[in-house]
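Student: I am new to this structure and would be grateful for a close look at a single part of it. Please begin with the local backbone and then proceed to the packing of the interior.

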Amino acid sequence: MSWTDDNSTCINERYARQVMLGEIGESGQRMLGNAKVLIVGVGGLGSVSSLYLAGAGVGTIGLVDADVVSLSNLQRQILYDESEIGLKKVFCAARRLKAINGNACINSYPVWLTEENADEIIDGYDIVVDGCDNFAARFVMSDVCRKKNKPYIYGAISDFTGQVSVLCLNGGRTLRDIYSDEDLAQTVFPKGVVGMTPGIVGSVQALQAVKYVCGFGETLVNKLWIIDLKSMESDVISV
């Protein structure tokens with residue numbers, strides 16, 4: 001939604017705990033309301049990032065995913081429940097996000113992101129959040145975001161480990177600077193994962209989007225945040 005009208009009551013009540021933060025305030029909340037964030041993949045990472053972005057007051061959220069809900073998803077994909085097994089994820093996700101924040105505009109794209117459709121879909125958004133589990137789509141996102149100078153918030157998970165970076169801004173680093181070979185990148189993360197790993201990594205991705213929109217703190221631009229949840233060790237390295 002747009003915050004050009006008088007939404008002071010909505011801001012003061014719904015977002016009171018955010019607005020009281022000097023880093024956000026009423027002006028930052030209005031920026032969030034006018035922001036357009038595309039989430040590619042609404043599985044483990046996308047479930048968490050979309051919930052927090054809708055809750056935070058992001059005005060327009062796009063969801064890209066051609067998959068359906070399966071029983072094995074429910075261990076970590078917290079957007080969904082057993083009654084939705086077999087249904088398209090983007091439509092189930094849209095219903096849940098609208099139930100959380102009826103002011104948000106939720107756009108559903110029940111397709112895979114490809115070289116053929118990425119330009120058109122990404123063009124309508126300010127930020128792209130990566131919730132994918134394959135590097136072919138990730139390289140497409142990175143390439144298009146670099147071309148359009150849009151922030152690409154990369155995230156990846158495996159078992160108890162995760163990574164987040166903000167790429168493709170102002171001629172800066174891209175995903176190809178982290179993984180230069182697509183075949184090698186496909187083997188970096190195996191499929192096994194504990195449900196809390198995407199919960200933490202998806203939350204960090206959502207926070208990076210909020211920080212970018214509101215302009216506070218240090219973002220992970222041209223940096224890679226790495227966490228090992230077994231040891232609880234984390235690091236930030238330049239890429």
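Tutor: In this predicted model, Asp159 is found in the loop between β5 (152-158) and β6 (161-167). Although Asp159 is not a glycine, its phi is positive, at about 35°. Its relative accessibility is 30%, so Asp159 counts as partly exposed, the range for that class lying between 20% and 50%.

Beyond β6 comes another loop, which runs between β6 and α8 (175-178) and holds Cys168. Cys168 is likewise a residue other than glycine with a positive phi, here near 75°. With a relative accessibility of 0%, Cys168 counts as buried.

A third loop residue is Glu84, placed between β2 (60-64) and α5 (89-100). Glu84 has a relative accessible area of 11% and is therefore buried, since buried means under 20%. When neighbours within four places in sequence are set aside, the residues in contact with Glu84 are Val69, Leu79, Cys92 and Arg95.

The interior comes next. The largest nonpolar core has 44 residues, and the members that touch the most others are Ile39, Leu53, Ile61, Leu63 and Val210. Helix α10 (residues 196-214) supplies the largest share of this core, with 7 residues. Another core, of 26 residues, lies apart from it and includes Phe139, Val140, Leu175 and Leu224.

Leu53 deserves separate attention. Not counting residues up to four places away in sequence, Leu53 touches Val37, Ile39, Val58, Ile61, Ala206, Ala209 and Val210.

Leu53 also takes part in a contact between two helices, α4 and α10. The axes of α4 (residues 44-56) and α10 come within 8 Å and cross at roughly 40°. Because of that angle, α4 is oblique to α10. The crossing in which α4 passes α10 is right-handed. On the α4 side, the contact is made by Gly44, Leu45, Val48, Ser49, Tyr52, Leu53 and Ala56. From α10 come Pro198, Gly199, Val201, Gly202, Ser203, Gln205, Ala206, Ala209 and Val210. Sorted by character, the residues of this contact comprise 10 nonpolar, 6 polar and no charged.

To draw the threads together, Leu53 and Val210 are among the members of the largest core that touch the most others, and both residues also belong to the contact of α4 with α10.

Methods. Residues are numbered from 1 along each chain as its sequence is written. This is a predicted model: local features need pLDDT of at least 70, side-chain atom pairs count only at pLDDT 80 or more; totals for chains, interfaces and linings use all residues. Side-chain values use heavy atoms; hydrogens and water are left out. A nonpolar core is a set of buried Ala, Val, Leu, Ile, Met, Phe, Trp, Tyr and Cys residues joined through side-chain atoms within 4.5 Å. Buried means under 20% relative accessible area, exposed over 50%, partly exposed in between (1.4 Å probe, protein chains only). Helices (H or I, at least four residues) and strands (E, at least two) are DSSP runs, numbered from the N terminus. Contact means heavy atoms within 4.5 Å. Axes are lines fitted to C-alpha atoms, for helices over the stretch in contact, and angles run from 0 to 180 degrees between N-to-C directions. Angles under 35 degrees count as roughly parallel, over 145 as roughly antiparallel, 65 to 115 as roughly perpendicular and the rest as oblique. A crossing is left-handed if the near helix is turned anticlockwise from the far one by less than a right angle, and right-handed if clockwise. Ala, Val, Leu, Ile, Met, Phe, Trp, Tyr, Cys and Pro count as nonpolar, Asp, Glu, Lys and Arg as charged, and the others, Gly among them, as polar.
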